[in-house]
Amino acid sequence: MRPRNFCAWIISIMLAFGLFSRAVPLDAAKDAPLMLALGNLHTCALIDGGVSCWGWGPALGTGSDTDRATPAGVSGLSSGVQALAAGRGYTCALLETGGVMCWGQNGDGQLGDGSETDRLAPVAVSGLGGSARAIAAGGTHTCAVLASGHVQCWGLNANGQLGAGDAPYQTSTPQDVVGIENAVALTAGTAHTCALLETGGIKCWGYNYYGSLGNGNTADQTTPVDVVGLSSGVVQMGAGYLHTCALLDSGAVRCWGLIGSTRLSTPQEMPGLGSGVARIAVNGNHYCVLGTDGAVRCAGANGEGQLGDGKTTSRDQPAPVQGLPSGVTDIAAGFFHSCAVIGDTARCWGRDAEGQLGIGNSTRGSIVLSELWGTAYTDISVGGGHVCAVTAGGAAQCWGNNHRGELGIGAPVGTEVTRSSPQEVVGLSSGVSRIVAGMNYSCAVVNGGARCWGYNNYGQLGTGDTVATTTPAPVSGLSGGVTEISVSTYSDYKHTCAVVNGGAKCWGYNYLGQLGNGEYDDTTPETTPVDVVGLGSGVSAVAVGGNHSCAVVSGGVKCWGVGYYGALGNGILDSYDRYPTPQDVVDLTGNATAVTAGLDFTCAIVDGAAKCWGRNQEGQLGNGTGVNSANPVQVAGLTSDVTAISAFRTQVCAVQAGEVLCWGSGFSSTPQAVSQAPGGYHWVTTGGATCWLSDSQTLCSGRDQDGRLGAGRVDVRPTPVPVLGMGPGQDLYMHYDSAQPGSVLNVIGANFPPGWRGALWINGQAMGQAAADGNGLWRAAIKTAGAPAGAYRLTAVVDGACVVDTFTLGNSAPLRGPEGAAALIVDLAGAPAQTAAIGTDGGALTSSLDGTAYTFPVGAFTVPVTVSHAAHRPWQLPTTGALVAVGPAFDVTAVYTSTGQPAQIAPGQAFTVTVPYADSWVAVPETLGLWWWDTGANAWSQAGIESAVDVAQKQITAQIAHLSLFAVLGETQRIYLPLVLR
């Protein structure tokens, strides 16, 4: 008997007895307990004396400012650490030697190294030596308990949070806290600090407007004061944004400060808790407790799901965290997220926009939407927090922020506040030629008319009122003739303009004359379009900025509204004069073809060159000077071949000869090529993200806050999810356990050997090659369109051992989208079969699906046929008990070209099949047999002919005489692609 594949055999036994439900750990638990420290946008873990962090890049200490969605080691701190403290954008570690090292943001000296320089790797706090015994990190200040019981603090001192009396406004070196001599522990809020004394009492100092110090009044204190009623009996404490809590030795919890809408200046028992609390965690505007019964409950603010109750609504009384396994040993709270420790693993919930939950989500970088959704777009626009696009079929889709109904999906305001994958705009399934996304609203040109939706506080929708709408509504009077439209991306006052029959019309807010109708000082918005004075013809483009508007008119540019900083380009600088009618942009010789407006500045394409004018403090004019200009200036390097330009607030991007370049805020004062855009693009739009269009793909880049990259990412997790890579072994994690067929699902591999390559198996069939990066992380996106409902098992193999996870497809489950970009795209439904016409003189077919090639000699067919190659999917493969795992299976069939009836190889003839394989890290056995599926016998049968393995070319070749389902059979369990295993 041939040996069964050991990995598959283990999996089948575990499945039979129901021995796993999520990722299977490979190694034993660690001996040391796990400690977590949560900042506002990042998380750090201490285990076995080493520190790993994940989330917002600058606070991680990895030597890089890149966001990390799974744990990454902190530079130089792989051992010797005994405690952690995380603040707002920075972290500190207490060493076993008594020293303290910090890293991250340092604008207020909170790192304590004598400077105000941000640090991407740990630096030592000056002057502490080896005397520190406990540490705490607040908003931008840090404190330490010394061996003597004294306390020292450093960083921002605007509200006395350093406790050093008349200490400076900020200091980058430790200062003595006045009057503390017997401290044993510390906690720090955003701008206040508290010390737990040997007596079990608490003293606090710093910001106190909301009663955060608990001393009975609301005056700031620059030196420590006693907390009323807590002179003894306190065993633990925690500080949040504006509140503080203490755990008493009786198991009761008392809090003070601003808790929800309640303002307490002295400690009060929290409702719904009683006694029986073992641990507390406090941060932001919420708190969590771990009961002696092992249950975790949370209360307070919940807009980011930080309470873990499956919702995003605040709670005055603690509610149980949903979905936590038993065995919780500790809890931790960040500003917008929370975590629980279970043995040597952790689960977290809440905000994940920066990857701080550690579940492998991509937060920065680029997403090619066509790879995930298979949708081609002809137009795309980025607003402040959402993106809209037009499909090749003329339909409108939007994704991202939907707080005001700006996605146009009809969801009531406040119910579906973000959608992280493309959504069909209600009623706009065809006829859309242009679409624009603004600040909380959107507009489109539909069959020559204008429609708008979303927020409407200043009449910016043009519907004749100021009532918001969550579905597209016709702009009054604009049922035809509309060719271009521009919307406001400014947050305060909003207006909209359009090109209509060659003229310009605007509507919305007009206090500053930005509608161009000759009026200003008008506090009543224009809720229907008004004519721009003098622009009845010759207009080819319009642009809406913050407090001004511009248009391309007969090759020139005219602007109107507020001219401060020179935004109108009329030669007048630093004047707050308002111009309610169009003004010529001076010194703009040549033919202008496009215009875009940001906040107090404008740019245009003139004879293929990019020119800008107005405010330049962020380098948005692109000339490298930072000097404002009321006249157009040449953007450095963009003197020709510029085909598109887009401005948002203080940032600009342009396309030059197919390449995307950006400048201004977030870039530099001269154009820089965007590395994710290799070329071939014809349109760019920038805002809360940046997106590019080419003829073949749509790419979006930036931070995926609110789902604005459209990759299906979920920024809020209101129930716990496991931190990946925390344990010693490999993790395989499906972002969703269940989904509706048609979903696109992400699977993450974490803690794999750096550079590992191997097959991802689904239901025993290899579906593609995964490759781990230098941090042992890999990601795959699984397309499920066309796949049947049922259970699916995923397997990856490392050194002969399995890592497993599962998911189910069901028609009643939610439709899911992917969560971030993926190097490996797996399509469960496969692609259309590849075909070729083969005559009596022979021919060839090479499948683009998997590279399998067929060569048919003369006489293989006696009449012309059409040969097809199809790649099979996990549920389509015929199996017997002898076959436990299979590589990519393929089916070759032939039909008579004239009749479409099934055809066969001519008697005595054979053809050549060449099967490529990808693995090069395993030893390919020399003895291989080609097997085919005998439908009559309902079994796999060996073809009875020899096959050859070419290791150098990574391919298997055989001469066969059957048209059927084929697979190559190997003798070893170590072959995963593309072999069938016994």
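Which residue stands opposite Arg263 in β20? The residue is Leu258, and its pairing with Arg263 belongs to one of the two open sheets described below. The model is predicted, with a mean pLDDT of 88 over the chain. This briefing treats confidence, two sheets, one hairpin and the two pockets that are largest by rank.

**Confidence of the model**

- Of the residues in the chain, 91% reach a pLDDT of 70 or more.
- Residues 919-928 keep a pLDDT under 50, and the model gives this stretch 27 contacts beyond four places in sequence.
- Residues 969-982 likewise stay under 50 in pLDDT, with 73 contacts beyond four places in sequence.
- Where pLDDT is low, predicted coordinates should not be read in detail.

**Sheet β9 to β12**

- Four strands form an open sheet in the order β9-β10-β11-β12, and their pairing is antiparallel.
- The edges are held by β9 (132-137) and β12 (170-176), each of which pairs on one side only.
- On average, neighbouring strands of this sheet are turned by 15° against each other, direction ignored.
- Edge strand β9 is joined to β10 (residues 141-146) by 5 bridges in the antiparallel sense.
- Within this pair, Ile135 stands opposite Ala144 of β10.

**Sheet β17 to β20**

- A further open sheet of 4 strands has the order β17-β18-β19-β20, again with antiparallel pairing.
- Because β17 and β20 (262-269) stand at the edges with a single partner strand each, one side of each is left without a neighbour in the sheet.
- The average turn between neighbouring strands in this sheet is 10°, direction ignored.
- Strand β19 (residues 253-259) and β20 run antiparallel and are joined by 5 bridges.
- Leu258 and Arg263 of β20 stand opposite each other.

**Hairpin β13 to β14**

- β13 and β14 form a hairpin, with 3 residues between the two strands.
- The antiparallel strands β13 and β14 (residues 192-197) are joined by 5 bridges.
- Ala188 stands opposite Thr193 in β14.

**Largest pocket**

- The largest pocket holds about 1500 Å³ of space.
- Its lining consists of 50 residues, and those nearest the centre are Thr418, Ser420, Val714, Val716 and Tyr736.
- At least two lining residues come from each of β27 (345-351), β32 (418-424), β56 (716-722) and β57 (731-734).
- By class, the lining of the largest pocket comprises 15 nonpolar, 21 polar and 14 charged residues.

**Second largest pocket**

- The volume of the second largest pocket is about 970 Å³.
- This pocket is lined by 45 residues, with Leu84, Ile135, Leu186, Thr187 and Met237 closest to its centre.
- Two or more lining residues are given by each of β1 (35-38), β5 (81-86), β9, β13 (183-188), β17 (234-239), β21 (277-283) and β25 (328-333).
- Edge strand β9 and hairpin strand β13 are among these contributors, as is β17, an edge strand of its own sheet.
- Ile135, which stands opposite Ala144 in β10, is one of the residues closest to the centre of this pocket.
- The lining of the second largest pocket divides into 29 nonpolar, 12 polar and 4 charged residues.

Methods: Residues are numbered from 1 along each chain as its sequence is written. This is a predicted model: local features need pLDDT of at least 70, side-chain atom pairs count only at pLDDT 80 or more; totals for chains, interfaces and linings use all residues. Side-chain values use heavy atoms; hydrogens and water are left out. Two strands pair if DSSP finds at least two bridges between them. Axes are lines fitted to C-alpha atoms, for helices over the stretch in contact, and angles run from 0 to 180 degrees between N-to-C directions. pLDDT is the predictor's confidence in each residue, from 0 to 100. Contact means heavy atoms within 4.5 Å. On a 1 Å grid over the protein atoms alone, a cavity is a set of points where a 1.4 Å probe fits but cannot get out, and a pocket is an open set with protein on both sides within 12 Å along at least five of seven lines; lining residues have an atom within 4 Å of a point. Grid points are joined across faces, edges and corners, and a volume is the space filled by probe spheres set on the points. Ala, Val, Leu, Ile, Met, Phe, Trp, Tyr, Cys and Pro count as nonpolar, Asp, Glu, Lys and Arg as charged, and the others, Gly among them, as polar.
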